[in-house]
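Me: I'd like a close look at one part of this model, and then a walk outward from there. Here is what I have open.

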Amino acid sequence: MTKPSLPELLHAAVTAVGGTERPGQVAMAEAVAEVIDDGSHLLVQAGTGTGKSLGYLVPALAHGERVVVATATLALQRQLVERDLPRTVDALHPLMRRRPQFAMLKGRSNYLCLHRLHEGAPQEEEEGLFDQFEAAAPTSKLGQDLLRMRDWADETETGDRDDLTPGVSDRAWSQVSVSSRECLGASKCAYGAECFAEAARERAKLADVVVTNHALLAIDAIEGAPVLPQHEVLIVDEAHELVSRVTGVATGELTPGQVNRAVRRAAKLVNEKAADQLQTASEGFERLMELALPGRLEEVPEDLGYALMALRDAARTVITALGSTRDKSVQDEDAVRKQALASVESIHDVAERITNGSEYDVVWYERHDRFGASLRVAPMSVSGLLREKLFTERSVILTSATLKLGGDFNGVGASLGLAPEGTESDDAPQWKGLDVGSPFDYGKQGILYVAKHLARPGREGTRGDMLDELTELIEAAGGRTLGLFSSMRAAQSAAEELRERLDMPILLQGEETLGELIKGFAADAKTCLFGTLSLWQGVDVPGPSCQLVIMDKIPFPRPDDPLMSARQKAVDEAGGNGFMAVAATHAALLMAQGAGRLVRASGDRGVVAVLDPRLATARYGSYLRASLPDFWYTTDRNQARRSLAAIDAAAKAAEA
């Protein structure tokens with residue numbers, strides 16, 4: 001029997017999921033197959049509606065090597081494991097004569113820990129463990145959640161937090177889960193044979209396709225100890241998120257509360273001298289943090305340097321002492337010891353990293369109204385790390401609806417550690433960029449309107465002219481508006497003001513869970529939804545409920561963002577253009593994602609309105625506009641209002 005061709009396989013898969021074959025999807029599948037065959041790498045931009053998951057799954061399954069698919073959002077992980085993969089495997093099985101296996105794998109803390117559940121969590125003030133079910137009042141929300149999780153533990157097959165519906169708070173989940181550092185290990189744990197996290201790892205080892213998240217991919221790259229099974233092909237979906245997720249995993253933090261917890265956890269398990277040394281170092285660090293002012297520390301001040309060295313040395317002493325001391329009064333000493341060790345090691349590692357001081361790290365203080373001050377350290381760039389760890393020994397396909405910024409892939413490529421496309425060099429990973437377009441006719445379905453007549457936004461203060469413009473546009477649209485704001489303060493003040501001016505429901509992020517807000521927004525055409533960052537990329541509402549997407553201003557990083565400003569300065573000092581490489585790239589990605597909220601289906605019509613004249617007047621405006629979908633472009637305010645009124649009238653007629 002002849003081997004089935006890629007077009008045959010793709011056709012079978014698309015039919016099985018009830019989709020329509022798209023030219024962009026076919027082009028993507030062929031390109032993916034090609035780079036898997038020759039061991040190179042691909043950045044592929046596939047617009048909404050292309051069907052990109054089948055565009056990479058079918059050629060990857062056809063090739064027969066093990067594949068890891070890493071995504072940024074839970075929604076896409078679920079779609080892959082619950083819908084796309086089962087149907088695709090069923091459709092391809094008769095043609096390929098084999099049935100590829102697939103599995104989901106996440107970090108250990110995402111799984112219920114049976115040891116914690118049955119034996120209790122280490123209690124810091126008392127020795128040994130405490131029963132969190134007895135400690136929490138059964139009538140409290142925490143108590144109810146814990147009892148529900150105990151029942152769920154008997155029926156769940158996965159123990160995966162995301163399979164628990166409705167979900168529970170982080171506080172409740174922390175009572176029944178452990179980090180990889182706190183885990184006793186399957187061989188030492190009484191529940192090792194039934195462990196959910198170990199079972200997920202075993203399933204992943206046997207699977208042909210492993211679906212995971214960006215965070216676990218980052219841990220796999222950074223920690224050096226492999227958590228993902230050996231694989232020949234890596235597919236990174238939602239790849240525009242990868243750099244920020246890897247940065248997050250590579251960021252260290254120290255807070256007084258965290259250090260105090262480590263002191264309490266270790267106190268029972270080490271000799272008095274070691275415990276006192278850590279306690280003294282902790283008090284010195286806490287006194288300094290009370291005076292900490294937010295901002296970057298270009299050099300670590302002398303007093304902070306001494307405090308960190310004291311913490312590092314005391315933590316090292318405790319780690320050594322933890323191995324030898326045994327306290328007979330402590331119950332389940334292994335679990336208590338493991339948690340204490342994890343806490344102290346974490347403090348030692350961050351204190352040592354900042355003390356050693358690397359030119360490639362950025363250190364800063366942050367202040368939070370509720371949690372007080374924290375000291376943070378993050379890599380200046382993760383591009384070198386990604387080049388070294390991601391693009392060796394496997395083919396990598398990175399895909400997203402937004403990878404091509406300002407007309408090419410080199411900006412995103414550089415952030416991933418890739419040399420400009422086409423660079424011939426022995427040590428530069430070979431890659432190509434491909435834009436397979438979109439099934440939507442953006443020029444006919446959408447308008448990009450820039451309010452050129454408005455005053456340039458300042459850093460502070462209300463923008464009266466912007467609020468007037470916002471009011472008129474929403475009135476013309478008859479509601480149906482998703483408002484994307486550059487800060488929570490701007491979203492709140494706009495919501496307050498417009499609730500007074502307009503007779504339309506205005507939902508505000510933070511007043512309800514995101515899922516509930518989006519549901520409410522989609523259910524009623526007159527409703528508007530205002531919010532900030534997670535709305536720029538997390539909203540999928542096709543149809544007449546979202547016909548106007550408003551951006552209050554270009555979402556450049558804040559000038560006082562320590563990490564972004566440090567990255568910008570480093571590019572400038574290396575002879576590059578820091579503003580374009582860092583700030584403009586950041587803004588372009590967010591705007592492309594935000595504008596992508598408008599057209600989600602072939603029948604959608606609407607306007608993306610940017611209430612920041614700089615998009616039309618500044619030199620970098622053309623770069624930002626070239627990063628957006630190819631909408632019809634205007635700065636004519638009357639044209640924008642007429643178009644919105646016509647779209648609203650058509651939607652009302654269709655609803656009637």
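In which sense do strand E10 (residues 361-368) and strand E11 (residues 372-379) pair, and over how many bridges? Take your time with that part, then tell me what else you'd point out.

Reply: Bear in mind that this is a predicted model. E10 and E11 pair in the antiparallel sense, with 8 bridges between them. If you want a place to put your cursor, try aspartate 361, which stands opposite proline 379 in E11.

The pair belongs to an open sheet of 4 strands, ordered E8-E11-E10-E9, with antiparallel pairing. Strand E8 (252-254) and strand E9 (295-296) are the edge strands, each pairing on one side only. As general background, strands of a sheet pair through backbone hydrogen bonds, either parallel or antiparallel.

Now look at what lies over the sheet. Helix H13 (residues 272-290) lies across E8, E10 and E11, and it runs at about 95° to E11.

Alanine 262 is a handy residue to visit next. You'll find alanine 262 in helix H12 (residues 256-267). Its relative accessible area is 1%, so alanine 262 is buried. Apart from neighbours within four places in sequence, alanine 262 is in contact with Leu278, Ser343, Val344 and Ile347. For a sense of scale, threonine 392 sits 130 residues away from alanine 262 in sequence and 38 Å away in space, C-alpha to C-alpha.

Helices H10 and H11 deserve a look too. The axes of helix H10 (residues 214-223) and helix H11 (residues 242-249) cross at roughly 60° and come within 9 Å, which means H10 is oblique to H11. Their crossing is right-handed. H10 brings His214, Ala215, Leu217, Ala218, Ile219 and Ile222 to the contact, while H11 brings Leu242, Arg245, Val246 and Val249. Sorted by class, that contact of H10 with H11 has 8 nonpolar, 1 polar and 1 charged residues.

There's another helix pair to set beside it. Helix H1 (residues 6-16) and helix H4 (residues 74-96) have axes that come within 8 Å and cross at roughly 140°. That angle makes H1 oblique to H4; the cut-off for roughly antiparallel is over 145 degrees. H1 passes H4 in a right-handed crossing. On the H1 side the contact is made by Glu8, Leu9, Ala12, Ala13 and Ala16, and on the H4 side by Arg87, Thr88, Ala91, Leu92, Leu95 and Met96. By class, the contact of H1 with H4 has 8 nonpolar, 1 polar and 2 charged residues.

From H4, carry on along the chain to arginine 97, in the loop between H4 and strand E3 (102-104). Arginine 97 isn't a glycine, yet it has a positive phi of about 65°. With 62% relative accessibility, arginine 97 counts as exposed. Glutamate 393 also has a positive phi of about 65° without being a glycine. Look for glutamate 393 in the loop between helix H16 (383-390) and E12. Its relative accessible area is 75%, so glutamate 393 is exposed.

That loop leads into strand E12 (residues 395-400), which runs parallel to E1 and is joined to it by 4 bridges. Leucine 43 stands opposite leucine 398 in E12. E1 also runs parallel to strand E13 (residues 431-435), with 5 bridges joining the two; there, valine 44 stands opposite leucine 434. Strand E1 (residues 41-45) has 5 of its 5 residues buried, so it is largely enclosed by the rest of the structure. His41, Leu43 and Gln45 point one way from E1, Leu42 and Val44 point the other way, and all are buried. In a regular strand, side chains alternate between the two faces of the sheet.

You can read strand E19 (residues 606-610) in a similar spirit: 5 of its 5 residues are buried, so E19 is largely enclosed by the rest of the structure. Gly606, Val608 and Val610 point one way from E19, with Val607 and Ala609 pointing the other way, and all are buried. Strand E14 (residues 446-450) pairs with E19 in the parallel sense over 5 bridges, and strand E18 (residues 548-551) runs parallel to E19, joined by 4 bridges. Alanine 609 is worth clicking on: tyrosine 449 stands opposite it, and alanine 609 is also the bridge partner of isoleucine 550.

One last stop is a backbone detail. A cis peptide bond joins threonine 165 and proline 166, with omega at about -10°. Proline 166 lies in the loop between helix H7 (141-155) and helix H8 (170-174).

Definitions and conventions: Residues numbered from 1 in each chain as written. Predicted model: local features only at pLDDT ≥ 70, side-chain atom pairs only at ≥ 80, totals over all residues. Heavy atoms only, no water. Axes fitted to C-alpha atoms, helices over the stretch in contact; angles between N-to-C directions. Parallel < 35°, antiparallel > 145°, perpendicular 65-115°, else oblique. Left-handed = near helix turned anticlockwise from the far one by under 90°. Contact = heavy atoms within 4.5 Å. Nonpolar A, V, L, I, M, F, W, Y, C, P; charged D, E, K, R; others polar. Buried < 20%, exposed > 50% of the residue type's maximum accessible area, 1.4 Å probe, protein only. Pairing = 2+ DSSP bridges.
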